[in-house]
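The following exercises train the reading of a protein model. Please study the sequence and the structure before attempting each task.

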Amino acid sequence: MLKGTFSVEIRDDDVSQEIATKLKRLLLFNGMEESKKTPDYVFIVGGDGTVLRTFNKYVDIVNDVKFLSIHTGHLGFYTDYSVQNFEKIFHDMVSIEPVIDQYPLLRINAYCKDNNLIADYYSLNEVTVDSVTGSTYAARVYINGEHFENFRGDGLCISTPTGSTAYNKSLGGAVIHPQMDLFQVTEIAALNNLVYRTLGNPIILSKDDELVIIPNEYDDHRIRVDYMDFNYNTVSKIKITLAEDKKISFIRYNDVDFWKRVKRSFIGDE
Ligand code: NAD
């Protein structure tokens with residue numbers, strides 16, 4: 001059985017609340033203590049959206065926390081337990097030693113005209129850059145300091161391996177095994193002509209690569225980190241890398257193969 005402190009983050013619906021109440025009772029009964037601020041374990045009861053919001057809440061101490069999620073929504077890419085089999089977690093927690101899976105995160109730094117840092121974010125799924133007004137987004141893209149392409153279109157989506165099954169997938173990006181240390185860039189409706197020419201395919205960058213986006217227009221810039229929108233009046237440069245200093249850890253009691261999860265969610269069982 002786990003030892004230490006815990007917190008339970010719950011989506012606001014009856015099913016999630018009911019499961020969370022039972023879970024809390026079990027954890028307290030087994031000698032764990034509740035701590036909202038510095039928990040050793042964070043239990044998430046809800047959907048992928050609840051996982052994203054919980055990650056954001058604990059991002060400052062993410063290296064010291066382990067997450068476990070029970071999904072009560074439709075998709076559950078960050079979860080092993082669903083509402084149908086949630087009672088199994090009670091059994092597994094007292095009888096099985098968990099394994100810890102670590103997944104990479106993105107680090108996003110944005111700078112304003114005079115090169116001052118104006119934003120420093122971590123992302124679990126993806127970051128998208130585009131214009132606030134919906135006008136075409138034009139930017140020069142650099143990889144490791146070398147000019148790569150001139151982009152014009154709706155925007156760019158940069159995703160983590162765990163985020164590869166989210167927005168990235170809708171944009172035609174590859175589905176990536178979540179424990180690989182890499183990140184992916186997909187174009188959102190790129191215009192291709194003699195001036196603006198992009199590769200057209202998603203690209204996959206290594207943990208040592210640095211992506212820099214230099215927007216042609218400084219103003220009306222939007223940076224979307226997972227579910228959050230940030231609008232800026234002045235952005236001169238956005239630097240995106242895999243985070244070197246933070247990873248997210250999930251505890252797993254059963255070894256649900258990632259590719260089985262992909263099949264179950266997107267193709268269906270036979
Ligand atoms: P939401 O609740 O509308 O979530 C959108 C959907 O994305 C949900 O079905 C959720 O289960 C799924 N999802 C989230 N993370 C996932 C993952 N890692 N793998 C597979 N599916 C995943 O909105 P929200 O709660 O604000 O979530 C924000 C996320 O929505 C963003 O991080 C982005 O990935 C996703 N999104 C997708 C699209 C698209 O596919 N066209 C557009 C915008 C945002």
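Four exercises with worked solutions follow; the model is a predicted one.

**Exercise 1. The surroundings of the ligand**

Determine how many residues surround the ligand and from which helices and domains the shell is drawn.

Solution.
Step 1. The shell holds 16 residues, and Asp-48, Asn-125, Glu-126, Thr-165 and Ser-170 are the closest.
Step 2. At least two residues of the shell come from each of helix 2 (48-57) and helix 4 (167-170). Helix 2 gives the largest share, with 4 residues.
Step 3. Domain 1 (5-98 + 253-267) and domain 2 (105-244) each contribute at least three residues to the shell.
Step 4. Sorted by character, the shell comprises 7 nonpolar, 5 polar and 4 charged residues.

**Exercise 2. Polar contacts of the ligand**

Identify the N or O atoms of side chains that lie within 3.5 Å of an N or O atom of the ligand, taking Glu-126, Thr-165 and Ser-170 as candidates.

Solution.
Step 1. The cut-off for a polar contact is a pair of N or O atoms within 3.5 Å.
Step 2. In the side chain of Glu-126, an N or O atom lies 2.5 Å from an oxygen atom of the ligand. For the side chain of Ser-170, the distance from an N or O atom to a ligand oxygen is 2.5 Å.
Step 3. A nitrogen atom of the ligand is found 2.6 Å from an N or O atom in the side chain of Thr-165.
Step 4. The ligand taken alone exposes 790 Å², of which the protein buries 65%.

**Exercise 3. Strands 3 and 4**

Is Val-45 buried or exposed, and in which sense do strand 3 and strand 4 pair?

Solution.
Step 1. Val-45 belongs to strand 3. A residue is buried under 20% relative accessible area; Val-45 has 0% relative accessibility and therefore counts as buried.
Step 2. The C-alpha atoms of Val-45 and Ile-10 are 4.9 Å apart, although 35 residues separate the two along the chain.
Step 3. Strand 3 (residues 41-46) pairs with strand 4 in the parallel sense, over 6 bridges. Gly-46 has His-71 of strand 4 as its bridge partner.
Step 4. In strand 4 (residues 66-71), 5 of the 6 residues are buried, so the strand is largely enclosed by the rest of the structure.

**Exercise 4. Positive phi angles**

Describe the phi angles of Asn-115 and Ala-189 and locate both residues.

Solution.
Step 1. Most residues other than glycine have a negative phi.
Step 2. Asn-115, which is not a glycine, has a positive phi of about 70°. Asn-115 lies in the loop between strand 6 (99-111) and strand 7 (117-123), and its 47% relative accessibility makes it partly exposed.
Step 3. Ala-189, not a glycine either, has a positive phi of about 50°. Ala-189 is located in strand 11 (residues 182-190).

Notes:
Residues numbered from 1 in each chain as written. Predicted model: local features only at pLDDT ≥ 70, side-chain atom pairs only at ≥ 80, totals over all residues. Heavy atoms only, no water. Near = heavy atom within 4 Å. Polar contact = N/O pair within 3.5 Å; in protein donor to acceptor, adjacent residues only side chain to side chain. Areas by Shrake-Rupley, 256 points an atom, 1.4 Å probe, with all protein chains shown as cover. Nonpolar A, V, L, I, M, F, W, Y, C, P; charged D, E, K, R; others polar. Domains from an automatic or database assignment. Buried < 20%, exposed > 50% of the residue type's maximum accessible area, 1.4 Å probe, protein only. Pairing = 2+ DSSP bridges.
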